Amino acid sequence: MRVLGVDPGLTRCGVGVVEGVAGRPLTMLGVGVVRTPADAELGHRLVAIEQGIEEWLDLHRPEVVAVERVFSQHNVSTVMGTAQASAVAMLCAARRGLPVALHTPSEVKAAVTGSGRADKAQIGAMVTRLLRLSEPPRPADAADALALAICHIWRAPAQNRLQQAVALHASKGRTR
């Protein structure tokens with residue numbers, strides 16, 4: 001499975017592509033950050049994010065796009081910017097017919113480090129180790145994007161089985 005992980009943000013939108021399957025060594029195919037100037041008009045920033053994500057989709061041809069689920073923070077303007085960047089990533093994927101998976105920050109942290117309360121340094125260290133990199137990806141947004149992709153690769157098989165079981169149960173309920 002090839003996954004594009006997206007850590008959404010208006011100024012720095014982390015992107016990372018990981019390929020592999022659960023239980024086997026994973027391979028990083030690319031990592032980076034789509035940047036926009038903080039003083040640019042919002043519409044221009046969103047277009048720049050879209051163009052950057054489209055370039056990553058063209059270059060790496062992922063099968064799935066994993067995006068960090070936006071959660072409530074104290075700073076409403078930060079949440080809005082993150083949500084807008086997240087929506088751009090989902091739009092780019094949907095336009096291509098790619099499935100989008102949303103993962104919460106604590107879910108990603110728990111999958112990659114074993115603790116839902118891990119800090120940025122711990123995430124960077126584990127991403128470096130899991131992908132056999134010589135150093136942690138910088139900035140942290142890039143490491144977070146790779147962590148999202150890793151989380152999805154590891155959790156997708158179980159989530160798919162769960163969805164199939166729910167669908168089977170629902171269909172049996174309708175046939176009675």
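In these legends, the angle between two elements runs from 0 to 180 degrees and is taken between their N-to-C directions, along axes fitted to C-alpha atoms. The views show a predicted model.

**Figure 1. Helix α2 lies across strands β1, β4 and β5.** Helix α2 comprises residues 76-95, and β5 comprises residues 100-103. The direction of α2 is at about 170° to that of β4. An angle over 145 degrees counts as roughly antiparallel, so the value of about 170° places α2 and β4 in that class.

**Figure 2. Five strands form an open sheet.** The order of the strands across the sheet is β3-β2-β1-β4-β5, and their pairing is mixed. Strands β3 and β5 stand at the edges; each has a single partner strand, so one side of each is left without a neighbour in the sheet. On average, neighbouring strands are turned by 20° against each other, when direction is ignored.

**Figure 3. Strand β4 pairs with β1 and with β5.** Four bridges connect β1 and β4 in the parallel sense. Strands β4 and β5 also run parallel, and four bridges join them. Val65 of β4 takes part on both sides: Leu4 is its bridge partner towards β1, and Val100 is its bridge partner in β5. Further along β4, Val67 has Leu102 of β5 as its bridge partner.

**Figure 4. The residues of β4 point in two directions, and all are buried.** Val64, Ala66 and Glu68 point one way from the strand, whereas Val65 and Val67 point the other way. How many residues of β4 are buried? The number is five of five, and the strand is described as mostly covered.

**Figure 5. The span of helix α1 agrees with its number of residues.** The helix holds 19 residues, 42-60. At 1.5 Å a residue it should span 27 Å, and its end C-alpha atoms are 27 Å apart, which agrees. Which residues of α1 are buried? They are Arg45, Ile49, Gly52, Ile53, Glu54, Trp56, Leu57 and His60. An α-helix has 3.6 residues a turn, so residues three or four places apart point the same way. The buried residues of α1 pack against four strands of the sheet, β1, β2, β3 and β4, and also against α2.

**Figure 6. Helices α1 and α2 cross at roughly 40°.** Two packed helices are described by the angle between their axes and the distance between the axes. Here the axes come within 9 Å. Angles under 35 degrees count as roughly parallel, and those from 65 to 115 as roughly perpendicular; the two helices are therefore oblique to each other. Their crossing is right-handed. On the α1 side, the residues that meet α2 are Leu42, Leu46, Ile49, Glu50, Ile53, Glu54 and Leu57. Their counterparts in α2 are Gln84, Ala85, Val88, Ala89, Cys92, Ala93 and Arg95. Among the α1 residues in this meeting, Ile49, Ile53, Glu54 and Leu57 are also buried.

**Figure 7. Arg61 and Arg132 have positive phi values.** Arg61 follows helix α1 and lies in the loop between α1 and β4. Its phi is near 45°, a positive value in a residue other than glycine. Is Arg61 buried or exposed? Its relative accessible area is 55%, and a residue over 50% counts as exposed, so Arg61 is exposed. Arg132 is found in the loop between α4 and α5. The phi of Arg132 is near 55°, again positive in a residue other than glycine. With a relative accessible area of 52%, Arg132 is exposed as well.

**Figure 8. A cis peptide bond joins Arg138 and Pro139.** The omega angle of this bond is about -5°. Pro139 lies in the loop between α4, residues 120-130, and α5, residues 140-174.

**Figure 9. Gly124 is a buried residue of helix α4.** Its relative accessibility is 5%; the limit for a buried residue is under 20%, so Gly124 counts as buried. Which residues is Gly124 in contact with, leaving aside its neighbours within four places in sequence? They are Pro136 and Ala143. Gly124 and Ala142 are 18 residues apart in sequence, and their C-alpha atoms are 9.1 Å apart in space.

Definitions and conventions
Residues are numbered from 1 along each chain as its sequence is written. This is a predicted model: local features need pLDDT of at least 70, side-chain atom pairs count only at pLDDT 80 or more; totals for chains, interfaces and linings use all residues. Side-chain values use heavy atoms; hydrogens and water are left out. The expected span of a helix is 1.5 Å times one less than its number of residues. Buried means under 20% relative accessible area, exposed over 50%, partly exposed in between (1.4 Å probe, protein chains only). Contact means heavy atoms within 4.5 Å. Two strands pair if DSSP finds at least two bridges between them. A crossing is left-handed if the near helix is turned anticlockwise from the far one by less than a right angle, and right-handed if clockwise.
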